[in-house]
Amino acid sequence: MSQFDDLEFFDVVARSSSLTEAGRALGMSVSSVSKRLSQLESRLGVRLVRRSTRRSTLTPEGERYAAGVAVIAGELAELEESVSGHYAELRGRLLIQSSVGLGRAHIAPLMADFVAEHPRVEVDVELSSAPPNPSAAPFDIAIRVGALQDSRLTAKLLCHNRRVVVASPRYLETHTAPREMGDLRDHNCIVLRQDEGDYALWRFGFGAGETAIRVAGNMISNDGDIATQWCIDGRGVLMRSMWHVKPMLDDGTLVQLLPDVPTPAADIHAVYSAAAQVPRRVQAAVDHLHAHLKVRLRT
């Protein structure tokens with residue numbers, strides 16, 4: 001086997017949760033996968049994978065090797081694409097990072113449509129309760145809601161969005177709706193723990209006129225769906241992205257509070273490498289998201 005074959009083999013192993021899963025993907029028996037992995041580790045002189053009966057995990061050396069392999073595999077796919085049939089067909093792997101709520105509701109369905117149009121593209125959608133951190137892990141496209149931090153990356157605006165304050169009619173039956181920002185201090189505010197900043201600070205206004213109100217409440221979660229359900233159940237007031245709550249505002253499940261008080265933009269972007277030549281499959285996927293996400297959200 002060539003070293004390129006080893007790279008392709010380990011790329012599959014690294015993305016699998018067990019040697020059994022890797023064997024299914026490679027069309028090999030578990031014993032054959034284990035033997036070949038041992039041969040690769042022997043050649044490199046390091047242990048790459050910790051094996052157990054049900055699960056395999058990468059060692060630190062394995063994680064470093066896997067990251068490099070993913071880059072090389074992507075470059076190889078791009079090279080093949082560039083010399084094959086004048087770009088007749090997109091191919092290669094796409095790793096997409098997204099937050100759980102937006103990813104599950106919209107990004108995953110849109111990428112399924114993309115793969116249906118381009119069946120030789122392999123899409124891996126990785127969701128996390130924490131906002132995507134493109135600097136911390138290999139990725140092709142990261143979907144980011146809110147302010148962008150890393151100026152070394154290219155960002156494509158997919159959809160305008162902002163955060164709004166909402167409550168349920170049930171909550172408002174027993175609580176007077178706030179008339180100004182300071183009134184929020186008198187309400188039980190459901191706090192959504194996101195990003196690395198002070199999540200109990202709710203921001204209003206723009207630029208130099210931005211104001212932050214520190215809120216408090218007895219219900220906190222890092223999951224947007226949980227926080228939203230608490231709000232629907234009348235447990236308190238919530239600040240949430242318009243993309244998420246708009247259907248509930250439209251059907252009366254939730255009511256927007258302080259509608260005349262502006263809130264900072266929390267636009268949705270696709271973030272990707274600022275390389276001079278972006279792989280065609282990456283650009284095509286970004287264009288697909290740009291064309292269809294705003295239609296799904298209708299914000």
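**Exercise 1. In what order do the 5 strands of the open sheet that includes E12 stand?**

Keep in mind as you go that this is a predicted model.

Step 1. Read across the sheet: the order is E11-E8-E12-E7-E13. The pairing in this sheet is mixed.

Step 2. Look at the ends. Strand E11 (220-221) and E13 are the edge strands and have a single partner strand each, so one side of each is left without a neighbour in the sheet.

Step 3. Now check the pairings around E12. Strand E7 (residues 163-167) pairs with E12 over 4 bridges, in the antiparallel sense. Strand E8 (residues 189-192) is joined to E12 by 2 bridges, and these two run parallel.

Step 4. Finish with E8 and E11: they run parallel too, with 2 bridges between them.

**Exercise 2. Find the residues that stand opposite each other in these pairings.**

Step 1. Start between E7 and E12. Valine 165 faces methionine 239 in E12, and valine 166 has leucine 238 in E12 as its bridge partner.

Step 2. Move to E8 and E12. Here cysteine 189 stands opposite valine 237, while isoleucine 190 has leucine 238 as its bridge partner.

Step 3. Put those together: leucine 238 is a bridge partner of valine 166 and of isoleucine 190.

Step 4. Then go over to E11, where isoleucine 220 is the bridge partner of valine 191.

**Exercise 3. Is strand E12 buried or exposed? Work it out, then look at E8.**

Step 1. You need one cut-off: a residue is buried when its relative accessible area is under 20%.

Step 2. Count along strand E12 (residues 237-241). 5 of the 5 residues are buried, so the strand is largely enclosed by the rest of the structure.

Step 3. For E8, recall how strands usually work: in a regular strand the side chains alternate between the two faces of the sheet.

Step 4. Sort the E8 residues by side. Cys189 and Val191 are on one side, Ile190 and Leu192 on the other, and all of them are buried, which leaves both faces of E8 covered.

**Exercise 4. Follow the chain through helix H8 and just past its end.**

Step 1. List the buried residues of helix H8 (residues 242-250): they are Met242, Trp243, His244, Val245, Met248 and Leu249.

Step 2. Pick out proline 247, which also sits in helix H8. Its relative accessibility is 47%, so proline 247 counts as partly exposed.

Step 3. See what lies across from it. Proline 247 and leucine 297 are 50 residues apart in sequence, yet their C-alpha atoms are 9.0 Å apart in space.

Step 4. Step past the helix: just after H8, glycine 252 has a positive phi of about 85°.

**Exercise 5. How many cavities of 30 Å³ or more does a search of the whole structure find? Describe the second largest.**

Step 1. The idea behind the search is simple: rolling a probe the size of a water molecule over the atoms shows where empty space is left.

Step 2. The search finds 2 cavities of 30 Å³ or more. The second largest has a volume of about 40 Å³.

Step 3. Look at its walls. Among the lining residues are Arg162, Val164, Val165, Phe204 and Gln256. E7 and strand E13 (255-257) are the elements that give two or more residues to this lining.

Step 4. Sort the lining by type, and you get 7 nonpolar, 2 polar and 1 charged.

**Exercise 6. Which two residues form the aromatic pair, and is the pair stacked or tilted?**

Step 1. There is 1 aromatic pair in the structure. Its rings belong to phenylalanine 10 and tyrosine 65; the centres are 5.2 Å apart and the planes are at 55°, so the pair is tilted.

Step 2. Place the partners: phenylalanine 10 is in helix H1 (residues 3-14) and tyrosine 65 is in helix H4 (residues 60-83), so to speak distant parts of the chain, 55 residues apart.

Step 3. Check phenylalanine 10 for burial: its relative accessibility is 0%, so it counts as buried.

**Exercise 7. Describe the open sheet that contains E14.**

Step 1. This sheet has 5 strands in the order E4-E3-E5-E14-E6, with mixed pairing. Strand E4 (121-128) and strand E6 (153-159) are the edge strands, each pairing on one side only.

Step 2. From one strand to the next, the twist averages 25°.

Step 3. Zoom in on strand E5 (residues 141-145) and strand E14 (residues 268-273): they run antiparallel and are joined by 4 bridges. Within this pairing, valine 145 stands opposite isoleucine 268.

Technical notes: Residues are numbered from 1 along each chain as its sequence is written. This is a predicted model: local features need pLDDT of at least 70, side-chain atom pairs count only at pLDDT 80 or more; totals for chains, interfaces and linings use all residues. Side-chain values use heavy atoms; hydrogens and water are left out. Buried means under 20% relative accessible area, exposed over 50%, partly exposed in between (1.4 Å probe, protein chains only). Two strands pair if DSSP finds at least two bridges between them. On a 1 Å grid over the protein atoms alone, a cavity is a set of points where a 1.4 Å probe fits but cannot get out, and a pocket is an open set with protein on both sides within 12 Å along at least five of seven lines; lining residues have an atom within 4 Å of a point. Grid points are joined across faces, edges and corners, and a volume is the space filled by probe spheres set on the points. Ala, Val, Leu, Ile, Met, Phe, Trp, Tyr, Cys and Pro count as nonpolar, Asp, Glu, Lys and Arg as charged, and the others, Gly among them, as polar. Rings of Phe, Tyr and Trp (its six-membered ring) pair if their centres lie within 6.5 Å; planes under 30 degrees apart count as stacked, over 60 as edge-to-face and the rest as tilted. Axes are lines fitted to C-alpha atoms, for helices over the stretch in contact, and angles run from 0 to 180 degrees between N-to-C directions.
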